[in-house]
Each structure stands twice: as structure tokens, then as C-alpha cells.
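Welcome to this short tour. Please open your viewer and keep the selection tool handy.

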Amino acid sequence: MAIGAGYAGLSVAKTLSERGKSVLVLEAHDRVGGQAWTEHFEDGSYEDYGAMFLGVQQPNMHRLEFGIPIFDVNTKGNSVLNYRGQTFELFWGLGTSQVSLLHALWYCKSGFSFTVLGTIDEGAQKELVVGGGQAIAHALAKQLGDAIRYEEPVLQLDQRNESHVLHHILHVQFTPALPPQKGLRGEVVSPDGYMGLINDVSPHDGRYGMLVEFIAATKAMEFLDMGEEQRRRIVLTELGAGYGQEAASPVKLKIHTMMQEKWSTGCPVAASTPGTWTSMGHWIRKPVD
Ligand SMILES: Cc1cc2nc3c(=O)[nH]c(=O)nc-3n(C[C@H](O)[C@H](O)[C@H](O)COP(=O)(O)OP(=O)(O)OC[C@H]3O[C@@H](n4cnc5c(N)ncnc54)[C@H](O)[C@@H]3O)c2cc1C
């Protein structure tokens, strides 16, 4: 049984199912994908509000057979770098003082290197998925069929007896308690602005142009406290600063806050606070039964 129909839950269920096991995936939301969520519109366009890029550091994703085409992000032209300070906030969605250095080093090593993780050309932002990041989750879900049950949040996992009783309510608890625990390529890097990173995510057929902007960590907290009008003003001002005034009048502008999604509560990835690995690291891969 897998809890959650994000990439992780779906891929583990797929693997088990391919090995002849019967599987059940309990998903709190009414959709698959978790932090990979794509909104589709009537005119055929779509927008990703979560996972979207694939890169050279993810060879296993490339080996999985989804039957979905991928294409290279536009890398012709120059990047805009509005650079004064230094920040790692975009990688983990947390302020530097909140992320364990050990975790940051492990994460960079897992993704090959800091350079690969922050790069488009031959890096983590090299490719996009036709139809958006959630298309991968949909393809996995199709293979699993009725094994996925929606709107089934798991609250409590009781492993004291053989039956492994599940209670479907809200937040998750464990019993027994677990251990404490324009000539531009569309890329703008601006650590001092609200939108720390802007990327070109226009579709493969070039029907329209699309940029995605990330607002993370401390800047995201400030942004949350602002009214709609102030947020729009900031976004348009920074777009104008990056690409010129033309960019400050987009056809469409949508702001999505992953922090306010009940079953995701933040993004882009889980990160350990200082001390987590050294005090609890040995529990991470240890079976709980
Ligand atoms: C804005 C953003 C951009 C990103 N960009 C990229 C990118 O370009 N490339 C990339 O590789 N990664 C990217 N990521 C990271 C990527 O989305 C995540 O690493 C990945 O989707 C995590 O998959 P997961 O299955 O581990 O978790 P999740 O996607 O979080 O899935 C967890 C699932 O469990 C469900 N769930 C939670 N609690 C319960 C419960 N109690 N009971 C039942 N179900 C529950 C949730 O609803 C969800 O469906 C991005 C993330 C965000 C948010």
C-alpha cells in the first residue's frame, strides 16, 4: 500500500504491481500528481504549478516508460542576471539558516552538483514534458487503474498489530510514535528580487510564450501577506526589469501558492532543518515495524 499518489507513491505502486503484488494507493486529494499539478485550459494551453523540468540528474525518470514526449527548453539567447547578493533559497524553498548544510550537500550530490541543479543547458532544467509535469503522474495512474482511491486521507498508521489498521481522517500520526523527528532565453536570475528565478516554459509547438517565476522562502512569506494588487504590481515590475516594458503587459498572469495546498503545504522539495540528519538520519531508511 502506498500513501499519496505523487510521483513517489505512484512509482512504488507501479513497481510492486509489475512484480505481481496487489497494490492500493490512498490519495488525500481528488487528483494524482501531488506537487506535480498542471492546469489545462479550453484553448489547449496549460500551466504547471509544480514539477515541470526533467534534467540530466534524473536518469531513472528517463528510463521509466511513460510514453510521453519531452522536449528541450529554449537555450538560445542570453540570460538576465540581476545579481547582488547570494542565495540558495530557491533550491529548498527555505532561508539558508533553516536548511541543514549536511542536507544541502547531500541534495547537491544526489543531483550531481550544485551547478547541474541550477542549470538549464545539460542541467536540471534541460527538458519539459509535453502536456506538463502532471502528465507523468496521469500515465502512471492509468497503469494502476482502480488501485488508486481518491479523497482518502490517511491520519493514523497503527503498526502494533498484524492488521496494520488505517484511519482515514486528517493529519498523519504514527502508533507507536516514530522517533522524534528578446535575444533572451527567458531565464532571469534575481536573488534580490521577489522572483528569484524566471524560466521559459513555452510549449514545444511554440503556440504561445510562457514564463514561470518562482518566489521562495522568506520572499514567499512576505508575498503571502500582500494583497492581490500589490502582488501583481511586484510581478509586473520585475518582469519589466528583466525583459523590458513589453513583458509587463502579459496576456495572462496567474499566481499559485503551493504553501496553501492542504496536502502539499510547501515546495519545491522536502528539506531537513539543521541537526535533523545528525540526530535522526539513521532512522530515515530503517523499516518501522
Ligand atoms: C513549484 C514547484 C516546482 C517544482 N519543480 C520541479 C521540477 O521542475 N523538476 C523536479 O524534478 N521537481 C520539481 N519539483 C519537486 C517535485 O514536484 C517533487 O519533488 C515531487 O513531485 C515529489 O513527489 P512525492 O510523490 O514525493 O510528493 P508529493 O508530490 O508531495 O505527493 C504526495 C502525495 O501524498 C498526498 N498526501 C499527503 N498527505 C496524505 C495523507 N495523509 N493521506 C493520503 N495522501 C496524502 C498528497 O495529496 C500528494 O498527492 C517542484 C515542486 C514544486 C512545488
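Two strands count as paired here if DSSP finds at least two bridges between them. Keep in mind, too, that you are looking at a predicted model.

**Stop one: the sheet.** With that definition in hand, select Ile70, whose bridge partner in β8 is Val129. Now widen the selection to β6 and to β8 (residues 127-129): these strands run antiparallel and are joined by 3 bridges. Add β5 and you have an open sheet of 3 strands, in the order β5-β8-β6, with antiparallel pairing. The edges are held by β5 (53-54) and β6 (70-72), each with a single partner strand, so one side of each has no neighbour in the sheet.

**Stop two: a helix with two sides.** Select residues 228-243, which form helix α8. Its 16 residues reach 22 Å from the first C-alpha to the last, close to the 22 Å expected at 1.5 Å a residue. Which residues of α8 are buried? They are Glu238, Leu239 and Gly242. Look down the axis of α8: these buried residues fall within an arc of 105 degrees, so they line one face of the helix. Turn to the face pointing away from that buried side and you will find the exposed residues Glu229 and Gln230. Step just past α8 to Gly244, which takes a positive phi of about 100 degrees.

**Stop three: the ligand.** Select the ligand and its surroundings, a shell of 27 residues. The closest are Gly4, Gly6, Gly34, Trp263 and Cys267. Helix α1 (residues 7-18) gives the most to this shell, with 3 residues. Colour the shell by class and you will see 18 nonpolar, 8 polar and 1 charged residues.

Conventions
Residues are numbered from 1 along each chain as its sequence is written. This is a predicted model: local features need pLDDT of at least 70, side-chain atom pairs count only at pLDDT 80 or more; totals for chains, interfaces and linings use all residues. Helices (H or I, at least four residues) and strands (E, at least two) are DSSP runs, numbered from the N terminus. The expected span of a helix is 1.5 Å times one less than its number of residues. A residue is buried if 20 or more other C-beta atoms lie within 10 Å of its own, exposed if 12 or fewer, and partly exposed in between; C-beta atoms are placed from the backbone. The arc is that of the directions from the helix axis to the C-beta atoms. A residue is near a molecule or strand if its C-beta atom, placed from the backbone, lies within 6 Å of it. Ala, Val, Leu, Ile, Met, Phe, Trp, Tyr, Cys and Pro count as nonpolar, Asp, Glu, Lys and Arg as charged, and the others, Gly among them, as polar.
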